[in-house]
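Got the viewer open? Here is a short walk through the model, one selection at a time.

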Amino acid sequence: MTRTNPLALLASAALLLAGAAQAQIYRHVGPDGRVSYSGQPSAADSRATGGKASAGGAALPYELSQTAQRYPVTLYTSNNCAACNTGRNLLISRGIPFSEKTVESNDDIAALQRLSGGNDLPVLTIGQQRLNGFSDQEWSQYLDAAGYPKTSQLPASYRRPSATQLVASQPVAPAFRADTAGTEQQEPAPTVTPAPDRNNPAGIRF
């Protein structure tokens with residue numbers, strides 16, 4: 001019995017999607033709700049198709065936007081990591097819209113261990129698929145299967161989002177300053193218990 005390779009099916013679908021993406025076909029929805037397709041984009045088309053906008057406000061081509069929504073790409077990196085730089089350059093050269101998370105603190109390392117089961121970097125996620133360590137062939141294979149184009153189709157105005165720390169740092173509460181006028185809290189004065197009167201040991205008032 002012949003078993004179907006799901007990766008091969010994804011790759012076949014990716015070829016169809018890549019061909020459509022290279023033509024940059026845009027979906028138009030008219031005021032009457034009728035749908036049409038053309039090679040010319042517009043701001044209204046981007047809103048109608050749910051086109052994903054970059055940090056610079058540039059809408060992605062329709063097919064690339066759909067792929068990015070189905071299989072979002074996240075890259076996990078750290079400083080002084082040569083393999084991380086190589087992996088990042090691969091994504092940039094192919095025009096893959098991705099978010100980058102940096103591993104810097106102990107909290108970041110703990111979160112990475114929960115995510116990937118180890119400390120190796122880089123880590124790449126494509127939808128639900130996780131790839132530990134950099135491999136040009138493996139990364140390219142899974143990006144192809146997900147439907148990402150082999151060459152960049154990003155608009156010239158696209159700006160890649162800045163990398164953010166894996167675990168967001170918590171804000172530190174401001175230290176209390178006793179020399180700030182009107183803000184210090186006065187401690188209550190201690191209660192002084194008078195010595196008992198020899199003539200009135202019970203302290204009864206008359």
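## Stop one: the disulfide

Start with cysteine 81 and cysteine 84: the torsion about their S-S bond is about 75°, so this disulfide is right-handed. Before you go on, know that this is a predicted model, in which local features need pLDDT of at least 70 and side-chain atom pairs count only at pLDDT 80 or more, while totals for chains, interfaces and linings use all residues. Residues are numbered from 1 along each chain as its sequence is written, and side-chain values use heavy atoms, with hydrogens and water left out.

Now show the two sulfur atoms: in the disulfide of cysteine 81 and cysteine 84 they lie 2.2 Å apart. The term stands for a pair of cysteine sulfur atoms within 2.5 Å, and the structure holds 1 disulfide. A disulfide is a covalent bond between the sulfur atoms of two cysteines. Are cysteine 81 and cysteine 84 buried or exposed? Both are buried, where buried means under 20% relative accessible area, exposed means over 50% and partly exposed is in between (1.4 Å probe, protein chains only).

## Stop two: strand β3

Next, select residues 73-77, which make up β3. Helices (H or I, at least four residues) and strands (E, at least two) are DSSP runs, numbered from the N terminus. In β3, 5 of the 5 residues are buried, so the strand is largely enclosed by the rest of the structure.

Turn on the side chains and look along the strand. Val73, Leu75 and Thr77 point one way from β3, and Thr74 and Tyr76 point the other way. In a regular strand the side chains alternate between the two faces of the sheet.

Which strands pair with β3? Add residues 98-102 to your selection: this is β4, which pairs with β3 in the parallel sense over 5 bridges. For two strands to count as paired, DSSP must find at least two bridges between them. If you want one partner to click on, threonine 77 has its bridge partner in β4 at threonine 102. Then bring in β5 (123-126), which pairs with β3 in the antiparallel sense over 4 bridges. Here valine 73 stands opposite isoleucine 126.

Keep β3 and β4 on screen and add α4 (82-93). Together β3, α4 and β4 make a right-handed β-α-β unit. To check the hand by eye, turn the strands to point away from you: the crossover is right-handed if the path from the first strand over the helix to the second runs clockwise.

## Stop three: the largest core

Time for the nonpolar side chains. A nonpolar core is a set of buried Ala, Val, Leu, Ile, Met, Phe, Trp, Tyr and Cys residues joined through side-chain atoms within 4.5 Å. The largest one has 17 residues, and Val73, Leu91, Leu124, Ile126, Leu143 and Tyr148 touch the most other members. The elements giving two or more residues to this core are α3 (62-70), β3, α4, β5 and α6 (136-146). Which of them gives the most? That is α6, with 3 residues.

Click on tyrosine 148 and show its surroundings. Leaving aside neighbours within four places in sequence, its contacts (heavy atoms within 4.5 Å) include Leu64, Tyr71, Val73, Arg94, Ile126 and Leu143.

Then look at α3, where 7 of the 9 residues are buried, so this helix is largely enclosed by the rest of the structure. In α6, the buried residues include Trp139, Leu143 and Asp144. Just after α6, glycine 147 takes a positive phi of about 105°.

## Stop four: charged pairs

Last, colour by charge. The structure holds 4 salt bridges, each a side-chain nitrogen of Lys or Arg within 4 Å of a carboxyl oxygen of Asp or Glu.

Select arginine 94 and aspartate 144, whose closest N and O atoms are 2.8 Å apart. This pair links distant parts of the chain: arginine 94 sits in the loop between α4 and β4, and aspartate 144 in helix α6, 50 residues apart. Aspartate 144 also meets lysine 150 in a salt bridge (2.8 Å, N to O). Aspartate 144 is buried, with a relative accessible area of 19%, whereas lysine 150 is exposed at 55%.

Finish with glutamate 100 and arginine 88, another salt bridge at 2.8 Å, N to O. Glutamate 100 is in strand β4 and arginine 88 in helix α4. Add Arg160 to see the network of salt bridges that links Arg88, Glu100 and Arg160.
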